[in-house]
Amino acid sequence: MSKILLIKNKIKKFDKQIYVSGDKSLSIRWVLLASQAIGKSRAHNLLMSEDVLAALNSIKKLGIKVKLHKKYCEIFGNGINGFKYKKNLIINASNSGTLGRLILGLLIKSTEKIKLIGDKSLSKRDFSRVTLPLAKFGAKFYYKTKNRLPLSILGSPSAKSIKYLENKGSAQCKSSVMFAALNASGTTFIKAKKSRNHSELLFKYLKIPIKIKKTKKYDFINIKQPKMIAAFDYQIPGDISSSAFFMVLTTLANNSKLLIKNVNINPSRIGVIIILKKMGAKIFLKNQRNYRGEKIADVLIKSSDNLKAINCPAELNSSAIDEFLIIFLVAAKAKGISYFKEVSELNQKESPRLNWGSKILNMMGVKTELTKNSIKIYGQPNLEIIKPIVIKDYLKDHRVFMMSAIAALTCGGQWKIHDKDSVNTSFPSFLKIIKNINSKPL
């Protein structure tokens, strides 16, 4: 089977209803927290992507029983610090920064050295962001290459609580320390710049002793070591990051309409909706409800012919950090010059996404002005591509692939996009859903 996706035709108008895969952030967090609970936990709609399968394989290596059924997954937890360690154990986080960073938080009491490895992309990312605070709990870390995977962790049986300042707006770093707090005596104090709050909501639902005080820029989080975590069942809602690609597909398509059912609209994740609506996108939230502290809705999108540029408020960055590539594509078709500032964090992802976003737009004939921390995009409302475009060597970043596919379907041209299996890390059904929406074959 070819690993190259060829797209030669724009998408025809459509009126469809779809479901997207389970939320990746919640799927991985459920796996890790279920491993710390006592007894059998069950999840429906667990995302069956490479990242989540890597999480399941990791806890199995740590002595946790996992059963995969057709419609649900069961995890039989051994309680907090209930992992069983073997000598020379190697855990492979594959492409998942969420898994790699959060699981280290659960290993701060490991009695044997455990080696953490990842793929080429993950091995380029900075792990000192979590190993520096986790070392304050008493864990020791050993790198082969400074601050990069592979690394080894040796925990401390007497891990004690810490005070931690997270000032980058990284939910992964914050959550790694939160997970470590489960194993640390006393109360851990965290001052964290605003970022997605799935871990906090799960801690509250699981009755883990947590107190949160919110200010405009920071959250102050206190976590007292719990005695135990009870097993729990969970229905994973649809992933808003996956949904965002179809929001933009519909926004940029002609005379089209799409309803995406059961999407997680956690307020710390809806930056993409807020930004797109400010640009003139027609997006409506229907049937809103609450589930386990998370907000869920059906998302209705209609095509928009009058998109306008945005000077994007930096306070929206953390709630749209995984969606900026696809937002940049909307800016390319909007009237005026869009400006996105304080977005250097994009280059800390699976690939240097800020750089890639600019590069792809330039290939499309869209002018950009790029700095280390910002991008200006000169929109072309009548943008039509006729030349061939080849996308490759992007470290198999799933979001680069999906942005390219949506660009091809909405802006025209002849696209050859390499490594189409990259979507397996987060959204294996991406191309299947596009084929369902598209009446003309890719």
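What follows is a working chat about a predicted model of one chain.

Biologist: How many helices and strands does the chain have?

Modeller: Twelve helices and 23 strands, in a model that is predicted.

Biologist: And how compact is the chain?

Modeller: The radius of gyration is 21 Å and the globule rule gives 22 Å for 442 residues, so the chain is as compact as a globular protein of that length. Along its principal axes the C-alpha trace spans about 65 × 45 × 45 Å.

Biologist: What share of the residues is buried?

Modeller: Buried residues account for 58% of the 442. The area the chain exposes is about 18200 Å², and 50% of it comes from carbon and sulfur atoms.

Biologist: Which contacts do you get between residues at least 6 apart in sequence?

Modeller: Of those contacts, 76% join residues at least 24 apart. For a pair of C-alpha atoms, take lysine 12 and alanine 253: they sit 241 residues apart along the chain, with 7.5 Å between their C-alpha atoms.

Biologist: Where is lysine 12?

Modeller: Lysine 12 is in the loop that links strand 1 (5-7) and strand 2 (15-19). Its relative accessibility is 45%, so lysine 12 counts as partly exposed; the exposed class begins over 50%.

Biologist: Changing topic, how many charged side chains are there, positive and negative?

Modeller: There are 79 positive and 28 negative side chains. The centres of the two sets are 3 Å apart.

Biologist: On to helices. How many residues of helix 5 are buried?

Modeller: Eleven of the eleven residues in helix 5, which covers 171-181, are buried. Among them are Lys174, Gln172, Cys173, Met178 and Phe179.

Biologist: What about helix 6?

Modeller: Helix 6, residues 198-205, is mostly covered too, with six of its eight residues buried. The buried ones are His198, Ser199, Glu200, Leu201, Leu202 and Phe203.

Biologist: What follows helix 6?

Modeller: Lysine 207 does, and its phi is positive, near 60°.

Biologist: Serine 128, then: buried or exposed?

Modeller: Serine 128 has a relative accessible area of 11%; that is under the 20% cut-off, so serine 128 is buried. The residue lies in helix 4, which runs over residues 128-136.

Biologist: What does serine 128 touch?

Modeller: Leaving out residues up to four places away in sequence, serine 128 touches Pro133, Tyr143 and Asn147.

Biologist: Now strands. Which way do the side chains of strand 7 point?

Modeller: They alternate along residues 114-117. Ile114 and Leu116 point to one face and are buried, whereas Lys115 and Ile117 point to the other face and are not buried.

Biologist: How do strand 6 and strand 7 run, parallel or antiparallel?

Modeller: Strand 6 (residues 89-92) and strand 7 run parallel, joined by four bridges. In that pairing, asparagine 92 stands opposite isoleucine 117. Isoleucine 117 is one of the strand 7 residues that are not buried.

Biologist: And strand 4 with strand 5, parallel or antiparallel?

Modeller: Antiparallel: strand 4 (residues 65-68) and strand 5 (residues 72-78) are joined by four bridges. They form a hairpin, with three residues between the two strands.

Biologist: What is the bridge partner of valine 66 in strand 5?

Modeller: Isoleucine 75 is the partner of valine 66 there.

Technical notes: Residues numbered from 1 in each chain as written. Predicted model: local features only at pLDDT ≥ 70, side-chain atom pairs only at ≥ 80, totals over all residues. Heavy atoms only, no water. Rg over C-alpha atoms; globule rule 2.2 N^0.38 Å. Buried < 20%, exposed > 50% of the residue type's maximum accessible area, 1.4 Å probe, protein only. Contact = heavy atoms within 4.5 Å. Areas by Shrake-Rupley, 256 points an atom, 1.4 Å probe, with all protein chains shown as cover. Lys, Arg positive; Asp, Glu negative; His and termini not counted. Charge placed at Lys NZ, Arg CZ, Asp CG, Glu CD. Pairing = 2+ DSSP bridges.
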